[in-house]
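Here's a quick briefing to read with the model open beside you. It goes through salt bridges, one small sheet and one helix.

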Amino acid sequence: MTKEIIDAMAMQRALTRITYEIIERNRGINELVLVGIKTRGVYLARRIADRLQQLENTTIPVGELDISWYRDDADIKDREKINIGIDVTNKRVVLVDDVLYTGRTIRAAMDAIMDNGRPASINLAVLVDRGHRELPIRADFVGKNIPTAQNERIRVNVEEVDGIDEVSIG
């Protein structure tokens, strides 16, 4: 049985709050790029970029990152360099994902970003932080902290993929 914990309006408010925090933390948006982790992180990054455009009247580049080749639990001997579609060298990168759990996806994403250039900094924005870290990674921008049991599952749905905006737990 799943239970909705974030509806469409709450998701929009959380992303707006994250957007304002990104502006404040970076003292503006100069040299800022967003990198969304596929799949839902990409759509969240695009929404944040759209909100930044509205607030700051500047287009922010959004890259897409598939970390499959970088996962430490994948048995891949010859890793391919992933092209994220934007230049990250000397940029302030905000990595965007839907759920932060063990931290392994974020570690893999940082490896992939570093293979694409040397950013000035990397910050992490997540819609949901559910705890249970296995690596010393924390989010800089969090939509909602939702403590969970190990056996629970957080499901993020976005309109662009799932036809609805919501976060549920089950």
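Glu64 and Lys38 make a salt bridge, with their closest N and O atoms 3.8 Å apart in this predicted model. Glu64 sits in strand β3 and Lys38 in the loop between β2 and α2 (40-56), so the pair ties together parts that are 26 residues apart in sequence. A search of the whole structure turns up twelve salt bridges, and a few more of them come up below.

**Salt bridges**

- How exposed are the two partners of that pair? Glu64 is partly exposed, at a relative accessible area of 29%, and Lys38 is partly exposed too, at 45%.
- Arg47 and Glu160 also meet through their side chains, in a salt bridge of 2.7 Å from N to O. Arg47 belongs to helix α2 and Glu160 to helix α4 (residues 159-162), so this contact ties together parts that are 113 residues apart in sequence.
- Glu160 counts as partly exposed, because its relative accessibility is 40% and the partly exposed class runs between the 20% and 50% cut-offs.
- Within helix α3, the side chains of Asp111 and Arg107 form a salt bridge of 2.3 Å, N to O. The two residues are four apart in the helix, so about one helical turn separates them. As a general point, an α-helix has 3.6 residues a turn, so residues three or four places apart point the same way.
- Asp111 is partly exposed, with a relative accessible area of 34%, and Arg107 is likewise partly exposed, at 22% relative accessibility.
- Arg25, Arg138 and Asp140 are joined into one network by salt bridges that share partners.

**The three-stranded sheet**

- Which order do the strands take? This open sheet of three strands runs β1-β8-β7, and the pairing is antiparallel.
- β1 (3-6) and β7 (154-157) are the edge strands, and each has a single partner, so one side of each lacks a neighbour in the sheet. Neighbouring strands here are turned by 35° against each other on average, ignoring direction.
- Three bridges pair β1 with strand β8 (residues 166-169) in the antiparallel sense. Looking at individual positions, Lys3 has Ile169 of β8 as its bridge partner, and Ile6 stands opposite Val167 in β8.
- β7 and β8 also run antiparallel, joined by four bridges. Here Asn157 has Glu166 of β8 as its bridge partner.
- Which residues show that both faces of β8 are covered? Glu166 and Ser168 on one side, and Val167 and Ile169 on the other, are all buried. That split fits the general pattern: in a regular strand the side chains alternate between the two faces of the sheet.

**Helix α1 across the sheet**

- Helix α1 (residues 8-25) lies across β1, β7 and β8, and it runs at about 30° to β1.
- Ala8 is part of helix α1. With 37% relative accessibility, Ala8 counts as partly exposed.
- How far apart are Ala8 and Val167? They are 159 residues apart in sequence, but 8.5 Å apart in space from C-alpha to C-alpha.

**Helix α3**

- Helix α3 (residues 104-115) has twelve residues and reaches 17 Å from its first C-alpha to its last, close to the 16 Å expected at 1.5 Å a residue.
- Which residues of α3 are buried? They are Ile106, Ala108, Ala109, Ala112 and Ile113. They span an arc of only 160° around the axis, which puts them on the same side of α3.
- The elements covering those buried residues of α3 include β2 (32-37), β3 (62-65), β4 (92-100) and β5 (121-129).
- Just after α3 comes Gly117, which takes a positive phi of about 150°.

Technical notes:
Residues are numbered from 1 along each chain as its sequence is written. This is a predicted model: local features need pLDDT of at least 70, side-chain atom pairs count only at pLDDT 80 or more; totals for chains, interfaces and linings use all residues. Side-chain values use heavy atoms; hydrogens and water are left out. The expected span of a helix is 1.5 Å times one less than its number of residues. Buried means under 20% relative accessible area, exposed over 50%, partly exposed in between (1.4 Å probe, protein chains only). The arc is that of the directions from the helix axis to the C-beta atoms. Contact means heavy atoms within 4.5 Å. Two strands pair if DSSP finds at least two bridges between them. Axes are lines fitted to C-alpha atoms, for helices over the stretch in contact, and angles run from 0 to 180 degrees between N-to-C directions. A salt bridge is a side-chain nitrogen of Lys or Arg within 4 Å of a carboxyl oxygen of Asp or Glu.
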